[in-house]
Amino acid sequence: MSENENAPAPKRAHRGAIVGGVVAVVVVVAAIGAFVWHEQPSFCNAICHTPMDGYLETYEATPGQPATDKWGNPVADASGMLSAVHRANSSNADCLTCHQPVMSEQINEGMEWIGGNYTLVATDGNPDGVLTERSTDQLTEARGIQGDQFCLNKDCHNMTREDLTAMTEVETDNPAIRVRNPHSWQHGQQACTDCHKAHRASVLTCTQCHADMQVPEGWISAQEAKLLPNQA
C-alpha cells in the first residue's frame, strides 16, 4: 500500500477532533446558558411550575403601582407584596433568594411535578389554577433553620427580633403602633409571614382586634384578608 493511500487517515482524525471540540464547546455553552436561565424566575414558570403565572406577575409588579396578587385579585399598591419589593430593592433578588434550591427540596418538588401531585386553586383571576403558597416551615425545614431565621439573617435582614422591635418603636409615625408594637411578643411569638406576604397583599393582623391600627399602603386588614379566596 502506497504512502498516498495512507494520507487521508490523519486528515480524517484531525477533522474528527475538530468536530468533537466544536460539539464539546456547544455542550459547555448550552450548559452555562441553562444554568443562567435556571437562576431566572422565567425558568421556574416555564419548566417546572407551569401554573406559576400569578406568582411571576407579583414578582414583576412595580412598588407604588397597582397590581394583582397571585390569585388575580387587585392590589392597590404592589409595595404590599414582598416579591415585588425585594426585586425592586435588590439587584440580585430573585425566586431563589427565598426559594433556595436545596437538593432535597428540588428532588421533592421535581417528583411532585412529574406525578402532578401539587395542589392548584382555581380563582376568577386564575381559572386554570395557581399553586398554593409554601409555608415558612416548608421553606425552612430542609435548610435546618427555624422561624425568624428565614428573614432575620446576615444575608437578608441582619438583626435580631429585639432589634426589629426597637426599630419599629422608634421609626414609626403611627401612634397606634407605638402603643401596640406588632413586632413585640405581647400575644406570643408571631411568624414574619403572619403579616408579611410575598405574592399577595400583606395583612396587618393586629386589626383583628385593634380597629385603630393604620393599615400601611398596599396592605389590607385582617377582615379584608378573610374575603380573599383560599388563605393557604
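The following exchange concerns the fold, a pocket and the charged pairs of a predicted model.

Colleague: How many helices and strands are there in the protein?

Modeller: The model is predicted, and its chain has 232 residues, of which 32% count as buried. Among contacts with a separation of 6 or more, 49% are between residues 24 or more positions apart. The secondary structure of the protein comes to 11 helices and 6 strands.

Colleague: What share of the area that the protein exposes do carbon and sulfur atoms supply?

Modeller: The protein exposes about 14400 Å². Of that area, carbon and sulfur atoms supply 57%.

Colleague: Which helix do the buried residues of α5 pack against?

Modeller: Helix α5 spans residues 82–89, and Ser-83, Ala-84 and Val-85 are buried in it. The buried residues of this helix pack against residues 53–60, that is, α4.

Colleague: How many nonpolar residues are in the lining of the second largest pocket?

Modeller: About 160 Å³ of space lies in this pocket. Its lining includes Asp-69, Trp-219, Ile-220, Glu-224, Leu-227 and Leu-228. By class, 2 lining residues are polar and 2 are charged, while the number of nonpolar ones is 8.

Colleague: Is Asp-124 buried or exposed?

Modeller: Asp-124 lies in the loop between β3 (120–121) and β4 (130–131). In sequence it is 53 residues from Trp-71, yet the two C-alpha atoms are 7.7 Å apart in space. The relative accessible area of Asp-124 is 83%, and the cut-off is over 50%, so Asp-124 is classed as exposed.

Colleague: Which residue meets Asp-148 in a salt bridge?

Modeller: Side chains of opposite charge can pair when their charged atoms come close. For Asp-148, the N to O distance in the salt bridge is 2.9 Å, within the 4 Å cut-off. The partner of Asp-148 is Arg-161.

Colleague: Where does Arg-161 lie?

Modeller: The salt bridge between Asp-148 and Arg-161 links distant parts of the chain, with the two positions 13 residues apart in the numbering. Asp-148 and Arg-161 are both buried. Asp-148 is in the loop between α8 (136–141) and α9 (161–171), whereas Arg-161 is in helix α9.

Colleague: How far apart are the closest N and O atoms of Asp-155 and Lys-154?

Modeller: The count by this rule comes to 2 salt bridges, and one of them is formed by Asp-155 with Lys-154. Both Asp-155 and Lys-154 are exposed. Their closest N and O atoms have a separation of 3.5 Å.

Technical notes: Residues are numbered from 1 along each chain as its sequence is written. This is a predicted model: local features need pLDDT of at least 70, side-chain atom pairs count only at pLDDT 80 or more; totals for chains, interfaces and linings use all residues. Side-chain values use heavy atoms; hydrogens and water are left out. Helices (H or I, at least four residues) and strands (E, at least two) are DSSP runs, numbered from the N terminus. Buried means under 20% relative accessible area, exposed over 50%, partly exposed in between (1.4 Å probe, protein chains only). Contact means heavy atoms within 4.5 Å. Accessible areas come from the Shrake-Rupley method with a 1.4 Å probe; for residues, only the protein chains shown count as cover. On a 1 Å grid over the protein atoms alone, a cavity is a set of points where a 1.4 Å probe fits but cannot get out, and a pocket is an open set with protein on both sides within 12 Å along at least five of seven lines; lining residues have an atom within 4 Å of a point. Grid points are joined across faces, edges and corners, and a volume is the space filled by probe spheres set on the points. Ala, Val, Leu, Ile, Met, Phe, Trp, Tyr, Cys and Pro count as nonpolar, Asp, Glu, Lys and Arg as charged, and the others, Gly among them, as polar. A salt bridge is a side-chain nitrogen of Lys or Arg within 4 Å of a carboxyl oxygen of Asp or Glu.
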